Amino acid sequence: MSSLTLSQLRDDGFVERAIVQSLEGGIYTLDVETGGERFHITDESGKTLQLHSLAEVKSCLSGVDCLEAVMAQYCAYDEMIGAPPCTSRNGNEVMIPLTTM
């Protein structure tokens with residue numbers, strides 16, 4: 001997966017879909033899809049952009065036209081019952097529409 005810095009995202013000004021990844025400890029990361037490609041959003045030094053609230057995510061997306069925003073919540077159910085983890089891209093993710101973005 002390719003990456004974009006937050007400033008590049010804001011310069012582009014448009015994404016088809018924003019995917020907020022909900023991780024442990026109240027940390028969120030941000031991916032975007034546009035032109036059939038998915039990009040991981042990083043800070044200016046190239047490190048994964050770590051956000052700590054949906055308000056912070058909304059602030060990062062200010063000035064960016066976004067057709068759809070969803071939260072991807074990873075589900076570890078398969079691992080919890082001793083089954084092998086799902087290897088498909090969205091196999092164990094629950095996509096939650098974020099209509100207030």
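This passage describes the fold, the strand pairing, the nonpolar core and the charged pairs of a predicted model.

The protein chain of this predicted model contains three helices and six strands, and, read from the N terminus on, these elements follow one another in the order β-α-β-β-β-α-β-α-β. Of the 101 residues in the protein chain, 36% count as buried. The accessible surface of the protein chain comes to about 6000 Å², and carbon and sulfur atoms account for 53% of that surface. When contacts in the protein chain between residues at least 6 apart in sequence are considered, 55% of them join residues that are at least 24 apart.

Strand E4, which spans residues 37-42, is mostly covered, since five of its six residues are buried. This strand pairs with two others. Strand E1, made of residues 2-5, runs parallel to E4 and is joined to E4 by four bridges, and within this pairing Ser 2 stands opposite Phe 39. Strand E3, made of residues 28-34, runs antiparallel to E4 and is likewise joined to E4 by four bridges; here the bridge partner of Val 32 is Phe 39. Phe 39 of E4 thus appears in both pairings, facing Ser 2 and bridging to Val 32. Strands E3 and E4 form a hairpin with two residues between the strands, and in this hairpin Gly 35 adopts a positive phi near 60°.

Two residues of the sequence stretch 37-42 show how this strand is surrounded. Ile 41, with its neighbours within four places in sequence left aside, is in contact with Leu 4, Thr 5, Leu 6, Leu 9, Leu 30, Asp 31, Val 32, Thr 48 and Leu 49. Thr 42, which is also found in strand E4, has a relative accessible area of 5% and is therefore buried, the cut-off being under 20%. Outside its neighbours within four places in sequence, Thr 42 is in contact with Ser 3, Leu 4, Thr 5, Leu 6, Lys 47, Thr 48 and Leu 49.

In soluble globular proteins, nonpolar side chains tend to be buried together. In this model the largest nonpolar core has 19 residues, and those with the most contacts inside this core are Leu 9, Leu 30, Val 32, Ile 41 and Leu 51. The elements that give two or more residues to this core are helix H1 (6-12), strand E2 (14-22), E3, E4, helix H2 (54-60) and strand E5 (65-74).

Cys 60, placed in helix H2, has a relative accessibility of 7% and so counts as buried. With neighbours within four places in sequence set aside, Cys 60 is in contact with Leu 6, Arg 10, Leu 49 and Leu 51. The C-alpha atoms of Cys 60 and Leu 9 are 9.2 Å apart in space, although these residues are 51 residues apart in sequence. Cys 66, by comparison, has a relative accessible area of 30% and is partly exposed. A disulfide is a covalent bond between the sulfur atoms of two cysteines; a search of the whole structure finds zero disulfides.

Side chains of opposite charge can pair when their charged atoms come close. The count of salt bridges in this model comes to three. Arg 17 forms a salt bridge with Glu 33, in which the closest N and O atoms are 3.7 Å apart; this pair links distant parts of the chain, with Arg 17 in strand E2 and Glu 33 in strand E3, 16 residues apart. Arg 17 also meets Glu 68 in a salt bridge, with an N to O distance of 3.4 Å. Because Arg 17 lies in strand E2 and Glu 68 in strand E5, this pair ties together parts that are 51 residues apart in sequence. Arg 17, Glu 33 and Glu 68 are accordingly linked in a network of salt bridges.

The members of this network are covered to varying degrees: Arg 17 counts as buried at 19% relative accessibility, Glu 33 counts as buried at 18%, and Glu 68 counts as partly exposed at 39%. A further salt bridge is formed by Asp 31 with Arg 38, where the closest N and O atoms are 3.1 Å apart, and both Asp 31 and Arg 38 are buried.

Notes:
Residues numbered from 1 in each chain as written. Predicted model: local features only at pLDDT ≥ 70, side-chain atom pairs only at ≥ 80, totals over all residues. Heavy atoms only, no water. Buried < 20%, exposed > 50% of the residue type's maximum accessible area, 1.4 Å probe, protein only. Pairing = 2+ DSSP bridges. Core = buried A, V, L, I, M, F, W, Y, C linked by side-chain atoms within 4.5 Å. Contact = heavy atoms within 4.5 Å. Salt bridge = Lys/Arg side-chain N within 4 Å of Asp/Glu carboxyl O. Disulfide = S-S within 2.5 Å. Areas by Shrake-Rupley, 256 points an atom, 1.4 Å probe, with all protein chains shown as cover.
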